[in-house]
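Welcome! Have the sequence and the model at hand, and try each exercise before reading its solution.

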Amino acid sequence: MVNRHTLSDSQSTATQPMIQSISLGFHLRLKPLYLGLVTALSVAGCAMGPDYQRPDLALPSQYQAQMLSQTTAEQGNVKEVSALSWRHFYQDPVLISLIEHALANNLDLQMAQSRLLAARSKMTVVDSALWPEVSVKAGYERSLDSGATSTNPSPSTTLDLGGAVSWELDLWGANRRASEAAMADYLSEVEKLRLSHVSLISDIASRYYEWLDIEQRYSVSIDTVGLRQKELDIAKLRHANGVISGLDVRQAEVELQSTKVTLPTLDYERKYKINQLHILLGEYDYALPSPQGLPENMGLPYELNTGVPSELLTLRPDVKIAEQQMIAANAEVGIAKAAFFPKFTISGVYGRENNHLKDIFDSNGVTWLLLGGISAPIFNRGKIAAEYDIATEAAKQSMLNYRNVVLTAYFDVNDALNNLKRAQQAIKAQKELVESSSAYARLARLRYQNGVATSLDLMDAQRQLFSAQLAYSEILRDKQLAKIALYRALGGGAVSE
């Protein structure tokens, strides 16, 4: 047995008068056809091919990496990532504004929306095969016979008005399987649209934090260039007074130039990230706000729990897309199997015909025709059998793809959890390194100014501070990217409120 598609209220309302008009129009004259329709509806309960069943995936009971300790989970202040909408997860007001603009203007998202509308219309086209096709026809003919073949040639007029109905009885469920496949394709497009939402939101957030990181590193480099320029000026002055040698001046020049050389690359990267944001925002020129630097204390919005792996089947759009593709492929097997069996068709015509328009509804002008047909495959050199094999293998491939998508999704979450842990642990250590390097550079400068330390000691301290500051910016960025990756790996939460 197969679950038949349920019509909406508007579809049912529109269909009932159509069926009633057919039965009333044919009345007793087409009673055999009417009985045929009723019979077909009563027997059309089963369909060829296997009914879909989700395969047993034997998912682990929990992720290999866990975000929270058991103590935290027991305290009751846990909120699952999947329950958060993006507005609650991304708490930066500037980022929220960018995401809202992208959702309204992104071109890829608009294409995904168009594909969804097309899939919905395709589903209507496929479902139409489940119902009789009714048409109306009106004709006018004016003719004159040849005088060479007729003893009394004179013009004649024929007018006809009639309706026709045709229906292929879905005894083997091929049309219902096609409807099932179309429904799966439509639901797949729904999830593709949701995946586009999640991807767009994640990409905007990722590019935004990458841009802030580059801007922050660019700012650190600019400040360091200014500082080393001052150090070079002091070195030149001390050299002129005979306090230090020319070697110290050259060393100061090397340190200055080694910092300056990083600026062109950073300047290119910041402009490149801005261009990427413009593409995602769907505009050539969008006034981005002045960068404020990466947030140091903006952690996760709640104490979070990743949930259990089985929730990936209902949360991740790519997993749901793979399942809908598997449902569609499973339905295609039923369609291919039904091709082995005969096809039954019923058609009928009922109308009026007369020589004058005013007499078109005269009772003597009634015409009707009732036809029934059957066609069955006899010889096609193995074509139907080969198509059935193709459909069967396609269904097997879709099942393997589904398993692979779920497997990948499971380890995506594990990787995201491990990456977030790494970033959280590295931030504390890197911040302490920045503080220690800053203190070291300050003391080295004082010792150098008092003649206790050499210029090499000062430059080494400044070099370590510069590297630590750049690395700290990168690890702050990595933490934000790790949060985004985890949120995305778990399905992206609610894309709308």
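Below are four exercises on this predicted model, each with a worked solution.

**Exercise 1. Find out how far the model can be trusted, and where confidence is lowest and highest.**

Solution.
- Step 1: Begin with the whole chain. The mean pLDDT of the protein chain is 81, and 84% of its residues reach 70 or more.
- Step 2: Compare the helices at the two ends of the scale. Confidence is lowest in helix α1 (residues 9-26), with a mean of 35, and highest in helix α11 (residues 317-338), at 94.
- Step 3: Look for stretches of low confidence. Residues 1-43 stay under 50 in pLDDT, and the model gives them 44 contacts beyond four places in sequence. Residues 68-78 are also below 50, with twelve contacts in the model beyond near neighbours in sequence.
- Step 4: Draw the lesson. Where pLDDT is low, the predicted coordinates should not be read in detail.

**Exercise 2. Work out the strand order of the open sheet of four strands, and name its edge strands.**

Solution.
- Step 1: Start with β2 and strand β3 (residues 155-169). Twelve bridges pair them in the antiparallel sense.
- Step 2: Move on from β3 to strand β5 (residues 343-354). These two run antiparallel and are joined by eleven bridges.
- Step 3: Continue from β5 to β6. Their pairing is antiparallel too, over ten bridges.
- Step 4: Put the pairs together. The order is β2-β3-β5-β6. The edges are β2 (133-144) and β6 (366-375), each of which pairs on one side only.
- Step 5: Add the twist, which averages 20° from one strand to the next.

**Exercise 3. Match residues across the sheet: which residues stand opposite Gly139, Leu161 and Ser347?**

Solution.
- Step 1: Go from β2 into β3. Gly139 faces Asp160 in β3, while Tyr140 has Leu159 as its bridge partner there.
- Step 2: Go from β3 into β5. Leu161 is opposite Arg352 in β5, and the bridge partner of Trp167 in β5 is Ile346.
- Step 3: Finish at β6, where Leu371 stands opposite Ser347.
- Step 4: Keep a rule in mind as you trace the strands. In a regular strand the side chains alternate between the two faces of the sheet.

**Exercise 4. Describe how helix α7 packs against α8 and against α13.**

Solution.
- Step 1: Take the first pair. The axes of α7 (residues 174-240) and α8 (residues 246-260) come within 9 Å and cross at roughly 165°. An angle over 145 degrees counts as roughly antiparallel, so α7 and α8 are roughly antiparallel to each other.
- Step 2: Check the handedness. The crossing of α7 past α8 is left-handed.
- Step 3: Look at who takes part. The contact includes Val225, Arg228 and Leu232 of α7, and Val249, Glu253 and Leu256 of α8. By class, this contact has six nonpolar, seven polar and five charged residues.
- Step 4: Turn to the second pair. Helix α13 (residues 455-489) packs with α7 at an angle of about 170°, the axes being 9 Å apart. α7 is therefore roughly antiparallel to α13.
- Step 5: Sort the residues of this contact by class. Eleven are nonpolar, ten polar and ten charged.

Notes
Residues numbered from 1 in each chain as written. Predicted model: local features only at pLDDT ≥ 70, side-chain atom pairs only at ≥ 80, totals over all residues. Heavy atoms only, no water. Axes fitted to C-alpha atoms, helices over the stretch in contact; angles between N-to-C directions. Parallel < 35°, antiparallel > 145°, perpendicular 65-115°, else oblique. Left-handed = near helix turned anticlockwise from the far one by under 90°. Contact = heavy atoms within 4.5 Å. Nonpolar A, V, L, I, M, F, W, Y, C, P; charged D, E, K, R; others polar. Pairing = 2+ DSSP bridges. pLDDT = per-residue confidence, 0-100.
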